[in-house]
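Visitor: Could you take me closely through one part of this model, the side of one protein chain that touches the other, and then the surface that faces a DNA strand?

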There are 2 protein chains.
Amino acid sequence: MNGFLGTYSVSLDDKGRINVPAKFKGLLEQDIPQLVMCVMDGFLIVFPQREWGANEERLSHLNPSEKEDRNKLREFYARATECEIKSGKILIPAAQREAAGLKNEVMIVGMSKTFELWAPDRWEKESG
Amino acid sequence: MNGFLGTYSVSLDDKGRINVPAKFKGLLEQDIPQLVMCVMDGFLIVFPQREWGANEERLSHLNPSEKEDRNKLREFYARATECEIKSGKILIPAAQREAAGLKNEVMIVGMSKTFELWAPDRWEKESG
DNA sequence: AGGATTATGTCGCAAAGTGTCGAAAAGTGT
DNA sequence: ACACTTTTCGACACTTTGCGACATAATCCT
């Protein structure tokens with residue numbers, strides 16, 4: 001497997017869940033069902049448990065008494081949420097849906113080790 | 001074998017698959033059946049597994065927490081898709097067919113380590 | 001506790017992906 | 001040119017996946 005690749009359009013069900021594309025399932029289920037979902041600049045990043053660990057490692061070099069670094073840390077931790085894959089679906093909490101402007105349709109965008117969730121209109125703008 | 005050479009015209013079947021030219025099969029089947037197909041500027045580029053690895057290597061120095069770099073990474077990962085040769089055929093997912101404007105006929109263009117897929121009219125313009 | 005809101009599981013249909021086979025077409029050797 | 005082999009192609013049946021809908025379960029609030 002080559003990590004999370006590709007762009008998928010999936011629908012949010014009436015309860016705010018998405019179906020994980022089959023190609024991602026393989027990657028996730030070998031792993032642990034836990035995920036960390038993190039609000040970025042208008043979209044969401046999803047870290048499989050393992051990658052979140054690696055990310056924390058990276059963040060651990062930042063110095064919490066430096067204002068710059070502190071902001072960066074806050075960016076990650078403050079708006080992150082733990083999720084799980086259940087019955088092949090991920091529930092996106094209301095706050096995160098809100099933050100990313102997700103309505104009925106969600107673009108799932110592979111980024112190798114992680115993947116992102118975008119509202120279609122924002123994705124459109126981003127990807128040209 | 002000397003890598004992927006030559007230009008072939010093949011047809012898309014009713015489900016969007018192409019038959020891999022016999023001359024390419026040797027090269028691919030010795031190898032691993034996995035491929036990565038990536039949308040470029042109006043056409044598709046197909047990386048055998050091994051070559052994709054080399055490409056990732058090239059991307060690995062980018063820092064996913066830098067916005068600039070992140071965009072660059074996204075350009076590759078988001079537009080890529082994992083495929084396989086199955087029964088001598090490659091399924092080109094609907095999104096990729098769309099992106100490359102593929103209809104009934106596809107030009108397969110050898111590029112040594114990789115090969116490309118073009119809609120005939122676009123290829124005409126490019127090579128003409 | 002009761003009712004509302006949020007979360008989770010399951011099922012069936014429609015759409016997308018896959019395997020196979022035989023006929024047509026292209027390529028090969030004599 | 002002819003027979004023979006290989007490759008390509010279309011068709012069909014089958015399998016898997018995505019998605020909406022509904023039912024059930026958990027949680028929160030007053």
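Guide: What follows treats the protein interface and then the DNA surface.

This is a predicted model, in which local features need pLDDT of at least 70, side-chain atom pairs count only at pLDDT 80 or more, and totals for chains, interfaces and linings use all residues. Residues are numbered from 1 along each chain as its sequence is written, chains are lettered from A and ligands numbered from 1 in the order in which they are written, and side-chain values use heavy atoms, with hydrogens and water left out.

With contact taken as heavy atoms within 4.5 Å, 17 residues of chain B are in contact with 22 residues of chain A. The two chains bury about 1500 Å² between them, 46% of it on carbon and sulfur atoms, where buried area is the accessible area (1.4 Å probe) that two parts lose on being put together, summed over both. Of the area that chain B buries against chain A, 42% is supplied by R70(B), R74(B) and E82(B), more than any other three residues.

The rule finds four salt bridges across this interface, each a side-chain nitrogen of Lys or Arg within 4 Å of a carboxyl oxygen of Asp or Glu. The side chain of R74(B) meets that of E116(A) in a salt bridge, at 2.6 Å from N to O. On the chain B side, α2 (49-59), α3 (67-77) and β5 (80-86) each supply at least two of the residues that touch chain A, and α3(B) gives the largest share, six residues. Helices (H or I, at least four residues) and strands (E, at least two) are DSSP runs, numbered from the N terminus.

Turning to the DNA, 20 residues surround strand D, and the closest are S11(A), N19(A), A22(A), K15(B) and N19(B); a residue is near a strand if one of its heavy atoms lies within 4 Å of it. Of the atoms of DNA strand D within 4 Å of the protein, 74% belong to sugar or phosphate and the rest to bases. An N or O atom in the side chain of S11(A) is 2.7 Å from a phosphate oxygen of the strand, and a polar backbone atom of A22(B) is 3.3 Å from a phosphate oxygen, whereas an N or O atom in the side chain of K89(B) is 3.2 Å from a base oxygen. Among the elements that face DNA strand D, β1(A) gives the most to the surface, with three residues.

Terms used
Polar contact = N/O pair within 3.5 Å; in protein donor to acceptor, adjacent residues only side chain to side chain.
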